[in-house]
Amino acid sequence: MTVTKQNISSENSTFNQLLMELQEECQNVISLVNQLQLSELSDRQKGKILSELLVASIHLHSHCDEDWQNLISDELETLVDD
């Protein structure tokens, strides 16, 4: 499943860019998990998929740091109460 790349309605270009990168990495993780669910994978194939999953997990972990959380908080603060 491919999701259309489109900015959200944020004025913060950094937030938009990081959100798009996060979306791409999450899609990558889903793809890797789906690959692991395939039957009859060789150990070599499993090792390659698991290695890529490890790299993706590290990237996601580093991506979701305090700066990212602050960007989300900043976005929340711009919302108007209805």
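**Close-up views of a three-part helical packing: H1, H2 and H3**

**View 1. A salt bridge along helix H2.** Glu52 and Lys48 both belong to helix H2, where they stand 4 residues apart, about one turn of the helix. The model shown here, as in every view that follows, is a predicted one. Side chains of opposite charge can pair when their charged atoms come close. In this view Glu52 forms a salt bridge with Lys48, and the closest N and O atoms of the two are 3.7 Å apart. The count for the structure comes to 1 salt bridge. Is Lys48 buried or exposed? Lys48 counts as exposed because its relative accessibility is 56%, above the 50% that exposure requires. Glu52, with a relative accessible area of 35%, is partly exposed, because this value lies between the limits of 20% and 50%.

**View 2. The buried and exposed sides of helix H2.** Helix H2 covers residues 43-63, which makes 21 residues, and the distance from its first C-alpha to its last is 30 Å, close to the 30 Å expected at 1.5 Å a residue. The buried residues of this helix are Ile49, Leu53, Ala56, Leu60 and His63. When one looks down the axis of H2, these buried residues fall within an arc of 80°, so they line one face of the helix. The partners against which the buried residues of H2 pack are H1 and H3. On the other side of H2 the exposed residues are Asp43, Arg44, Lys48, Leu54, Val55, Ile58 and His61, and Lys48 among them is the salt-bridge partner of Glu52.

**View 3. Glu25 of helix H1 beside helix H2.** Glu25 has its place in helix H1, which runs over residues 13-36. Glu25 counts as buried because its relative accessibility is 14%, under the 20% limit. Which side chain does the side chain of Glu25 meet in a polar contact? The partner is the side chain of His59, at 2.7 Å. If neighbours within four places in sequence are left aside, Glu25 is in contact with Ala56, His59 and Leu60; of these, Ala56 and Leu60 also appear among the buried residues of H2.

**View 4. Helix H1 and its start.** Helix H1 has 24 residues, and from its first C-alpha to its last it reaches 35 Å, close to the 34 Å expected at 1.5 Å a residue. Its buried residues include Met20, Leu22, Val29 and Leu32, together with Phe15, Asn16 and Glu25. What covers the buried residues of H1 includes H2 and H3. At the start of this helix, a side-chain oxygen of Asn12 reaches to within 2.9 Å of the backbone nitrogen of Thr14. Thr14 itself lies in helix H1 and, at 43% relative accessibility, counts as partly exposed.

**View 5. An aromatic pair between helices H1 and H3.** The structure holds 1 aromatic pair. The pair is formed by Phe15 and Trp68 and is stacked, with 5.4 Å from centre to centre and 15° between the planes. Phe15 sits in helix H1 and Trp68 in helix H3, 53 residues apart, so that the pair links distant parts of the chain. Both Phe15 and Trp68 are buried.

**View 6. Helix H3, its capped end and Glu75.** The 13 residues of H3 should span 18 Å at 1.5 Å a residue, and its end C-alpha atoms are 19 Å apart, which agrees. The buried residues of H3 are Trp68, Leu71 and Glu75. Seen down the helix axis, they fall within an arc of 55°, so they line one face of H3, and they pack against H1 and H2. The face turned away from this buried side carries the exposed residues Glu66, Leu76 and Glu77. At the N-terminal end, Asp65 caps the helix, with a side-chain oxygen 3.2 Å from the backbone nitrogen of Asp67. Glu75 is found in the same helix, H3 (residues 66-78), and is buried, with a relative accessible area of 18%. A polar contact of 2.6 Å joins its side chain to that of Ser10. Not counting residues up to four places away in sequence, Glu75 touches Ser10, Asn12 and Phe15; Asn12 is the residue whose side-chain oxygen reaches toward Thr14 at the start of H1, and Phe15 is a member of the aromatic pair.

Notes: Residues numbered from 1 in each chain as written. Predicted model: local features only at pLDDT ≥ 70, side-chain atom pairs only at ≥ 80, totals over all residues. Heavy atoms only, no water. Helix = DSSP H or I, 4+ residues; strand = E, 2+ residues; numbered from the N terminus. Buried < 20%, exposed > 50% of the residue type's maximum accessible area, 1.4 Å probe, protein only. Polar contact = N/O pair within 3.5 Å; in protein donor to acceptor, adjacent residues only side chain to side chain. Contact = heavy atoms within 4.5 Å. Expected span 1.5 Å × (residues − 1). Arc of directions from axis to C-beta. Phe/Tyr/Trp six-rings, centres within 6.5 Å; stacked < 30°, edge-to-face > 60°. Salt bridge = Lys/Arg side-chain N within 4 Å of Asp/Glu carboxyl O.
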